[in-house]
Amino acid sequence: MKKLIIGISGADGVCIGSRMLEILKPIPDVETHLILSKGAETNFRLECGIKPEDVRKLADFSYDPDDMTARIASGSFVTEGMIAAPCSMKTLSAIAHGYADNLLVRAAEVCLKENRRVVLMPRETPLSLIDLRNLVQAAEAGCAVVPPMLTFYHHPESIQDQVDQVIGKALLQFGIRPDGFRSWNGPGEAALKGE
């Protein structure tokens with residue numbers, strides 16, 4: 001059983017986190033542990049019209065972001081690691097500088113100290129020099145940075161296709177390949193001929 005922590009912070013694009021939970025739910029050997037920040041709760045209401053309790057139901061386990069006694073706050077609770085999807089610049093800064101004032105950041109800190117994978121999906125544009133430095137510091141600390149950037153080689157037909165593709169890229173960091181994820185397999189014969 002792969003235990004995976006999903007942190008959804010208060011950045012734009014909280015639908016990425018909820019969609020990730022939807023994709024992971026039917027996978028029998030993956031167990032999800034959700035931390036939903038207070039900012040994320042607000043963004044679900046504003047961006048998606050979704051109630052936070054409905055997002056929590058998508059996870060196998062859900063934790064209050066202020067509960068520093070939760071089992072995922074300890075390295076003795078073994079997980080594959082964590083994905084912050086999306087990762088706000090506030091959360092990025094806290095992770096990069098080890099300022100664990102909530103469970104989401106503490107869980108990331110625990111994963112890093114235990115040499116477990118931490119994937120950050122930062123959402124901000126344009127990026128300030130402070131943001132860029134924080135991304136470098138997080139990467140130097142061991143985080144994988146997988147920004148939810150648009151891709152086109154898979155011929156997306158909807159926003160959902162774009163979201164699913166970037167989620168697939170993040171999940172590949174844990175050896176999880178969701179159904180429908182399209183890897184680049186070269187341009188194909190027709191493209192090479194200019195058709």
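**A guided tour from strand β1 to helix α5**

In this predicted model, begin by selecting strands β1 and β4 (residues 81–87), which pair in the parallel sense over four bridges. Within this pairing, display I6 of β1 together with I83, its bridge partner in β4.

Keep β1 selected and add strand β2 (residues 30–36). These two strands also pair in the parallel sense, here over seven bridges. At K2, the residue standing opposite in β2 is V30. To follow the connection between the two strands, trace the chain from β1 through helix α1 (residues 15–24) to β2; this β-α-β crossover is right-handed. Then colour β1 (residues 2–8) by accessibility: five of its seven residues are buried, so the strand is largely enclosed by the rest of the structure.

**The loop before β4**

Select T79 next, in the loop between β3 (61–63) and β4. Is T79 buried or exposed? Its relative accessible area is 7%, and with buried defined as under 20%, T79 counts as buried. Leaving aside residues up to four places away in sequence, T79 touches K3, I5, C111 and R116. A polar contact can also be displayed here: the T79 side chain reaches the backbone nitrogen of G81 at 3.3 Å.

**The loop before β3**

Move to D60, which lies in the loop between α3 (52–56) and β3. Its relative accessibility of 41% places D60 in the partly exposed class. Which residues does D60 touch, not counting those up to four places away in sequence? They are V30, E31 and T32. For T32, draw the distance from its backbone nitrogen to a polar atom of the D60 side chain; the value is 2.8 Å. As a longer distance to draw, take the C-alpha atoms of D60 and L132: these residues are 72 apart along the chain, and the atoms are separated by 34 Å.

**Rings and a charge**

Select F61 and R71 as the next stop. The charged end of R71 sits over the ring of F61, at 4.4 Å from the ring centre.

Now turn to aromatic pairs, of which the structure holds one. Select Y153 and W184: their ring centres are 5.8 Å apart and their planes stand at 80 degrees, so the pair is edge-to-face. Y153 belongs to the loop between β6 (143–145) and α7 (159–172), and W184 to the loop between α7 and α8 (188–192); the pair thus links distant parts of the chain, 31 residues apart. Switch to a surface representation to examine the accessibility of each partner. Y153 is partly exposed, with a relative accessible area of 29%, whereas W184 is exposed, at 53%.

**Helix α5**

Finish with helix α5 (residues 103–113). Eight of its eleven residues are buried, so the helix is largely enclosed by the rest of the structure. The buried residues of α5 are L103, L104, V105, A107, A108, V110, C111 and L112. C111 has already appeared on this tour, as one of the residues that T79 touches.

What lies at the start of α5? There, a side-chain oxygen of N102 reaches to within 3.0 Å of the backbone nitrogen of L104. For the last selection, proceed past the helix to N115, which follows α5 and has a positive phi, near 60 degrees.

Key: Residues numbered from 1 in each chain as written. Predicted model: local features only at pLDDT ≥ 70, side-chain atom pairs only at ≥ 80, totals over all residues. Heavy atoms only, no water. Buried < 20%, exposed > 50% of the residue type's maximum accessible area, 1.4 Å probe, protein only. Pairing = 2+ DSSP bridges. Right-handed = clockwise from strand over helix to strand, strands pointing away. Polar contact = N/O pair within 3.5 Å; in protein donor to acceptor, adjacent residues only side chain to side chain. Contact = heavy atoms within 4.5 Å. Phe/Tyr/Trp six-rings, centres within 6.5 Å; stacked < 30°, edge-to-face > 60°. Lys NZ or Arg CZ within 6 Å of the ring centre and 35° of its normal.
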